[in-house]
Amino acid sequence: MRSAALQQMPSPAQTAGAASPIVEVRGVSKIYPGGVEALNNISLSFPEGELTSLLGPSGCGKTTLLKIIAGLLPPTSGDVLIRGRKVTGPGPERSFVFQDFALMPWATVIRNAAFGLELRGVPRSEREARAEKYLADVGLKGFEQKFPHQLSGGMRQRVGLARALAVNADIVMMDEPFSAVDEQTRRQFQEDLLRLVAQERKTFLFVTHSIEEAVYVSNRIVLLSRRPSRVSEIIDVELPRETGPDQIRRHPIYLDTVERIWQTLKHYLD
Ligand SMILES: Nc1ncnc2c1ncn2[C@@H]1O[C@H](COP(=O)(O)OP(=O)(O)O)[C@@H](O)[C@H]1O
Ligand SMILES: [Mg+2]
């Protein structure tokens with residue numbers, strides 16, 4: 001017996017879900033100079049206020065797709081629309097948390113967290129007040145005057161997250177943000193992320209190669225095939241989040257979803 005929440009959508013291209021789409025990817029293909037075909041005709045829509053994960057084998061094109069949505073990389077063909085407007089480059093409604101933190105080593109934590117606002121010309125007192133709020137939200141109260149090298153990898157990643165939140169973009173894109181941290185930190189992060197998704201009403205696009213992580217944090221999961229990537233499946237995840245982390249990880253919906261995704265993904269491994 002399969003719960004309704006686990007049923008596959010009729011077609012990956014028609015993925016409106018209950019909420020209205022804020023990001024639409026229409027027929028996007030990407031062939032890198034040199035001929036590597038990363039993405040093959042991807043069509044997807046991302047509902048507002050939810051966290052959607054892109055999950056797929058290593059090298060399948062997850063980062064490529066996220067960068068195209070961010071406007072950091074042009075598609076070879078196809079379009080990305082944000083609230084109906086075509087993406088031609090980065091924009092203030094989108095922010096990006098990089099895999100490698102991308103912090104400025106010479107600047108304090110607060111300056112790093114406020115940097116997106118500094119680029120936008122927000123006055124210092126205002127940008128530092130905002131950065132301080134988000135640093136506190138990600139558990140870094142008291143570390144404002146430290147430098148990146150004085151922090152652990154997990155804390156640096158939190159600074160990157162605070163910076164992405166402080167600019168008040170509606171769409172926050174995260175490329176494997178938890179891959180460089182230990183398991184304990186990773187689980188704390190996942191809790192923070194769930195809290196932020198509930199509290200901020202932003203749209204999160206999250207890339208991971210961990211099935212368990214995707215199922216734990218996502219409202220929806222987009223499964224990508226091996227390169228050249230296509231949308232293989234879209235899965236709605238409805239977990240009883242109020243029950244707590246340990247209960248969720250033992251819940252039949254969680255376990256069934258992890259197993260079902262594995263049954264698809266294992267065919268993409270060599
Ligand atoms: N700038 C580039 N030039 C050529 N090939 C690239 C470039 N960036 C990524 N690729 C290739 O495109 C494919 C998809 O890469 P990527 O999007 O980084 O995958 P993922 O994030 O899923 O691991 C890989 O085969 C990778 O080697
Ligand atoms: Mg990647």
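## A tour from ligand 1 to leucine 66

Begin by selecting ligand 1 and cysteine 60: a polar backbone atom of this cysteine is 3.2 Å from an oxygen atom of the ligand. The model on display is a predicted one.

Next, add lysine 62 to the selection. One of its polar backbone atoms lies 2.8 Å from an oxygen atom of ligand 1. Then select arginine 227, where it is a polar side-chain atom that is found 3.1 Å from an oxygen atom of the ligand. With these contacts in view, consider the surface of the ligand: ligand 1 exposes 560 Å² when taken alone, and the protein buries 61% of that area.

Now display the complete surroundings of ligand 1. They consist of Tyr32, Val36, Ala38, Pro57, Ser58, Gly59, Cys60, Gly61, Lys62, Thr63, Thr64 and Arg227. Coloured by character, this shell shows five nonpolar, five polar and two charged residues.

The next selection is helix H1, which spans residues 62–70 and contributes three residues, the largest share of the shell around ligand 1. Within helix H1, pick out leucine 66. Leucine 66 has a relative accessible area of 0% and is therefore buried, the limit being under 20%.

To see what leucine 66 touches beyond its neighbours within four places in sequence, select Leu54, Phe96, Met173, Met174, Asp175, Leu205 and Val207.

As a last stop, select leucine 44 together with leucine 66. These two residues are 22 residues apart along the chain, and their C-alpha atoms are separated by 12 Å.

Conventions: Residues numbered from 1 in each chain as written. Chains lettered and ligands numbered in written order. Predicted model: local features only at pLDDT ≥ 70, side-chain atom pairs only at ≥ 80, totals over all residues. Heavy atoms only, no water. Near = heavy atom within 4 Å. Polar contact = N/O pair within 3.5 Å; in protein donor to acceptor, adjacent residues only side chain to side chain. Areas by Shrake-Rupley, 256 points an atom, 1.4 Å probe, with all protein chains shown as cover. Helix = DSSP H or I, 4+ residues; strand = E, 2+ residues; numbered from the N terminus. Nonpolar A, V, L, I, M, F, W, Y, C, P; charged D, E, K, R; others polar. Buried < 20%, exposed > 50% of the residue type's maximum accessible area, 1.4 Å probe, protein only. Contact = heavy atoms within 4.5 Å.
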